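Student: I have a new structure open and no idea where to begin. Can you walk me through it?
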Amino acid sequence: MSETTTSKPAPAPKPWIEAIHAYVPGKSAGADGRPLIKLSANENPLGTSEAALAARLQTVPPSLYPDPDSRALREAIAARHGLEAARVVMGTGSDEILNLAAQGYAGPGDEVIYVRYGFAVYDIAARRCGATPVVAPDADYGTDVDALLGLVTEKTRVVFLANPNNPTGSYLPKGEIARLHAALPSDVLLVIDQAYGEYVPAEDEDGAFALAATHENVLVTRTFSKIFGLAGERVGWGTGAPAIIDTLNRIRGPFNVSVTAQASALAALGDTAFIERSYTHNLEERARFVGKLEALGNHGLRPLPSQANFVLVLFEGALSAEAAYNGLAERGYIVRWLPGQGLPQALRFTIGKRVDMDAMADALAEMAEAAG
Ligand SMILES: *Cc1c(COP(=O)(O)O)cnc(C)c1O
């Protein structure tokens, strides 16, 4: 087995696959392996709805395949959002839907556009199918619709946009989404990723569902990983025109949503009290944390405005993001530092429990003070 022959070629991966930098997930332990309080992956600090946990234990025997069409779950999603169940496709997390969208509509020679500091999965999704990723410049870390539109060519097949965006937390209002869609060619698929949509106040809704319901080139994605507290179950979904849903259904895994995932997501969707508690917690604690950082004054810590369950903080003073990251780890907290995404100057803080947010704000104050 250990003998290698140099004369025979080994299987060669496609060059566009070799060019992929694998997704780097949020860590849950320090460099020394010590478990830390994890605020690096935008998980729900309140955990999971009790109803979802109970439903998860009462599913059919695992010897049986799950419903390949996730029918009950799709109908519940459709009812909740005023959609047609036939226009909903389920995925193993919304990651699967994002990848299917790229694979279904783009290939070698085609271009896929997303904004700089966009979600890391878009780059992988584009490259996976051999398409060329095209990165639009940001506007002070936010999405610049004109910059995005300026990059559209005859080769553009897909535009990915997270709203709110991860890792910046930035949000495009309804008018900007409408303007982006109206200016895109009708044969370019606009994917609006609303992984954090449930955290956005109803009055700030971005109009994406309405666009997906009335146009042939819009796909909106959502997930059960964030406010619903089911990241470990891997459930996401998308809605769009019947032709888009049909395309994605052809290429998704036939049993892509497990029995426990379907059951727990269905129950989580019905537990509106838990959703409201999670929403309110996030709104209050995010404002409290940002307020504390802003009160620090002249230390160069700049929290970006966020509509999501996290805040990206820029370190523009004497205290560097890397030093703050290490200092927080020493104090038992792991947040997200993203030098690989061009953000060595920033840390992304998931909004956690109050006691932890206060402790991190205090630690940042102490470190900033010491750095001068
Ligand atoms: C977390 C996240 C997702 C969700 O991924 P899942 O595969 O559903 O867990 C999708 N898009 C963005 C921007 C995210 O931050």
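Tutor: What follows is a short tour, from the overall fold to a few single residues. Keep in mind that this is a predicted model.

Student: How many helices and strands are there?
Tutor: The chain has 13 helices and 13 strands.

Student: What is the radius of gyration, and what would a compact globule have?
Tutor: The chain has 21 Å, and a compact globule of 372 residues would have a value near 21 Å, so the two agree. The C-alpha trace spans about 60 × 55 × 55 Å along its principal axes.

Student: How much of the chain is buried?
Tutor: Of the 372 residues, 53% count as buried. The chain exposes about 16,600 Å², and carbon and sulfur atoms supply 55% of that area.

Student: What about contacts between residues far apart in sequence?
Tutor: Taking contacts with a separation of 6 or more, 73% come from residues 24 or more positions apart.

Student: And charges? How many side chains are positive and how many negative?
Tutor: There are 32 positive and 43 negative side chains. The centres of the two sets lie 4 Å apart.

Student: New topic. Which residue carries an annotation in UniProt?
Tutor: Lys-226 does: an unreviewed UniProt entry annotates Lys-226 as "modified residue: N6-(pyridoxal phosphate)lysine".

Student: Where is Lys-226 in the fold?
Tutor: Lys-226 sits in the loop between strand S7 (218-223) and strand S8 (236-240).

Student: Is Lys-226 buried or exposed?
Tutor: Buried, because its relative accessibility is 13% and the cut-off for buried is under 20%.

Student: What does Lys-226 touch?
Tutor: Setting aside neighbours within four places in sequence, Lys-226 is in contact with Ala-41, Asn-42, Asn-44, Ala-195, Tyr-196 and Tyr-199.

Student: Tell me about Asn-42, then.
Tutor: Asn-42 lies in the loop between strand S1 (37-38) and helix H2 (50-57). Asn-42 is buried, with a relative accessible area of 1%. Its phi is positive, about 55°, although Asn-42 is not a glycine.

Student: Why mention the sign of phi?
Tutor: Because most residues other than glycine have a negative phi. Asp-140 is another non-glycine residue with a positive phi, near 45°. Asp-140 is in the loop between strand S4 (132-136) and helix H6 (145-150).

Student: Which peptide bonds are cis?
Tutor: One cis bond joins Asn-163 and Pro-164, with omega about 0°. Another joins Asn-166 and Pro-167, with omega about 15°. Pro-164 lies in the loop between strand S5 (156-162) and helix H7 (174-183), and Pro-167 is also found between S5 and H7.

Student: Let's look at a helix. Which residues of H5 are buried?
Tutor: In helix H5, residues 120-128, the buried ones are Val-121, Tyr-122, Asp-123, Ile-124, Ala-125 and Ala-126.

Student: What covers the buried residues of H5?
Tutor: The cover includes helix H4 (93-105), strand S3 (111-115), S4, S5 and strand S6 (189-193).

Student: And what follows H5?
Tutor: Gly-130 follows H5, and its phi is positive, near 85°.

Student: Last one: where is Leu-151?
Tutor: Leu-151 lies in the loop between H6 and S5. At 27% relative accessibility, Leu-151 counts as partly exposed.

Student: What does Leu-151 touch?
Tutor: Not counting residues up to four places away in sequence, Leu-151 touches Glu-111, Ile-113, Val-134, Val-135, Ala-136, Pro-137 and Thr-156. Pro-137 is 14 residues from Leu-151 along the chain, and their C-alpha atoms are separated by 9.8 Å.

Methods. Residues are numbered from 1 along each chain as its sequence is written. This is a predicted model: local features need pLDDT of at least 70, side-chain atom pairs count only at pLDDT 80 or more; totals for chains, interfaces and linings use all residues. Side-chain values use heavy atoms; hydrogens and water are left out. Helices (H or I, at least four residues) and strands (E, at least two) are DSSP runs, numbered from the N terminus. The radius of gyration is taken over C-alpha atoms; the globule rule is 2.2 Å times the number of residues to the power 0.38. Buried means under 20% relative accessible area, exposed over 50%, partly exposed in between (1.4 Å probe, protein chains only). Contact means heavy atoms within 4.5 Å. Accessible areas come from the Shrake-Rupley method with a 1.4 Å probe; for residues, only the protein chains shown count as cover. Lys and Arg count as positive and Asp and Glu as negative; His and the chain ends are not counted. The place of a charge is taken as NZ of Lys, CZ of Arg, CG of Asp or CD of Glu. UniProt positions are given in the numbering used here, feature names are shortened, and annotations may be inferred rather than shown by experiment.
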